[in-house]
Amino acid sequence: MDETVAEFFKRIILKIPMTEMMTILKTWGFLSENQLQTVNLRQRKESLVQDLVLLCEEKRASLNDAALLDIVYTQFHRHQKVWDVFRMSKEPGEDSDLFDMEQFKSSFKKILQRALKNVTVSFRDAEENAVWIRIAWGTQYRKPNQYKPTYVVYYSQTPYAFTSSSRLRSNIPLLGQTFETHNSTTPLQERSLGLDINMDSRIIHENRIEKERVQRVTEETFGHYPQPRLEFAQYKLETKFKSDLNGGILAEREEPLRCLIKFSSPNLLEALKSLAPAGIADAPLSPLLTCIPNKGMNYFKIRDK
């Protein structure tokens, strides 16, 4: 087991609560009962992690084994994630009763790997004909990032697939095309959780009202139309240091603090517009950023009033 896989195991085990450790390890099913009996849960967690990594190393655990452990952890904590649901529509006359899960897994993985060279895909079967899929995305030139995966829960006897919300939104169309290619369906149609009265009552939609608010505020600020292309904005700051704490060298300084801040992007305004919906920034954005189109400027000086 190389250092990359060992580090991956360490990070997964560290985030497992001690009260759930044995339950998750048993559900994972990789370590034998005899090995689990040697695990001392009363020691410090750092020591426990080292012991578990050594046990995994003895069994020559692979990257996929670590990914399966991560899936098990996510299954236990699935309510901590925000999920999007997609509905696939069959063409009239298509038979949806016949389904080979193993063929689906093989086909799904091959389609993704053909479309994107560096991607790792792991599967774990669950109850009710469901399969959990973990996708670690890379690029044509970078290895997959195992710490920012996308999770998919697919119920083979239903037209629904559930995906964990991810900052890598650019990969969602590719994921949809993968389902489309394998199932010979029309394109995936994204639906809002909680709006369909026929949805499974166990489905929880988190922050729907907040998402709608963010979308509304973003549209009010930037409009519905494409943003003008702008590659950078520059802010020159000249202001005195302010603090609620008394004293200090900076508080006594008479001269203003000076710094230069520059934002750059191939399309800066579109990038700013996408920040709040992607969950990277709060809505509304600072007026210092949203005023760029209205003022028709991309150079600003900020001074004390």
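**Cavity, cores and two buried side chains**

Reader: Which residues line the largest cavity?
Author: The model is a predicted one. Its largest cavity has a lining that runs in sequence from Val217 to Thr290. The lining residues are Val217, Thr218, Thr221, Phe222, Leu272, Lys273, Ala276, Asp282, Ala283, Pro284, Leu285 and Thr290.

Reader: Which element gives the most to the lining of the largest cavity?
Author: Two elements give two or more residues each to this lining, helix H8 (208-222) and helix H9 (268-275). With four residues, the element that gives the most is H8.

Reader: How much space lies in the largest cavity?
Author: The count of cavities of 30 Å³ or more comes to one. By class, the lining of the largest cavity has seven nonpolar, three polar and two charged residues. The space in the largest cavity is about 50 Å³.

Reader: Which elements each supply at least two residues of the largest nonpolar core?
Author: This core has 37 residues, and Phe9, Ile13, Met21, Trp28, Leu31, Leu52 and Leu69 have the most contacts inside it. Both helices and strands supply at least two residues each. They are helix H1 (3-14), helix H2 (21-28), helix H4 (45-58), helix H5 (63-76), strand E1 (83-87), strand E3 (130-137), strand E4 (150-155) and strand E5 (160-164).

Reader: How many residues has the other core that lies apart from it?
Author: This other core includes Phe108, Val121, Trp137 and Leu175. Its number of residues is 17.

Reader: Which residues is Phe9 in contact with, leaving aside neighbours within four places in sequence?
Author: Phe9 is among the residues with the most contacts inside the largest nonpolar core. Leaving aside neighbours within four places in sequence, Phe9 is in contact with Met1, Trp28, Val53, Cys56, Ala61, Ser62, Asp65, Ala66 and Leu69.

Reader: Is Thr74 buried or exposed?
Author: Thr74 lies in helix H5, and its side chain reaches the backbone oxygen of Asp70 at 2.8 Å. Leaving aside neighbours within four places in sequence, Thr74 is in contact with Lys81, Trp132 and Tyr151. The cut-off for buried is under 20% relative accessible area. Because its relative accessible area is 3%, Thr74 is buried.

Reader: Which backbone oxygen does the side chain of Asn298 reach?
Author: Asn298 is in the loop between helix H10 (287-295) and strand E9 (299-303). With a relative accessible area of 15%, Asn298 is buried. Not counting residues up to four places away in sequence, Asn298 touches Leu230, Phe232, Ala233 and Gln234. At 3.1 Å, the side chain of Asn298 reaches the backbone oxygen of Phe232.

Conventions. Residues are numbered from 1 along each chain as its sequence is written. This is a predicted model: local features need pLDDT of at least 70, side-chain atom pairs count only at pLDDT 80 or more; totals for chains, interfaces and linings use all residues. Side-chain values use heavy atoms; hydrogens and water are left out. Buried means under 20% relative accessible area, exposed over 50%, partly exposed in between (1.4 Å probe, protein chains only). A polar contact is a pair of N or O atoms within 3.5 Å; within protein, one must be able to donate a hydrogen and the other to accept it, and residues adjacent in sequence count only if both atoms are side-chain atoms. Contact means heavy atoms within 4.5 Å. A nonpolar core is a set of buried Ala, Val, Leu, Ile, Met, Phe, Trp, Tyr and Cys residues joined through side-chain atoms within 4.5 Å. On a 1 Å grid over the protein atoms alone, a cavity is a set of points where a 1.4 Å probe fits but cannot get out, and a pocket is an open set with protein on both sides within 12 Å along at least five of seven lines; lining residues have an atom within 4 Å of a point. Grid points are joined across faces, edges and corners, and a volume is the space filled by probe spheres set on the points. Ala, Val, Leu, Ile, Met, Phe, Trp, Tyr, Cys and Pro count as nonpolar, Asp, Glu, Lys and Arg as charged, and the others, Gly among them, as polar.
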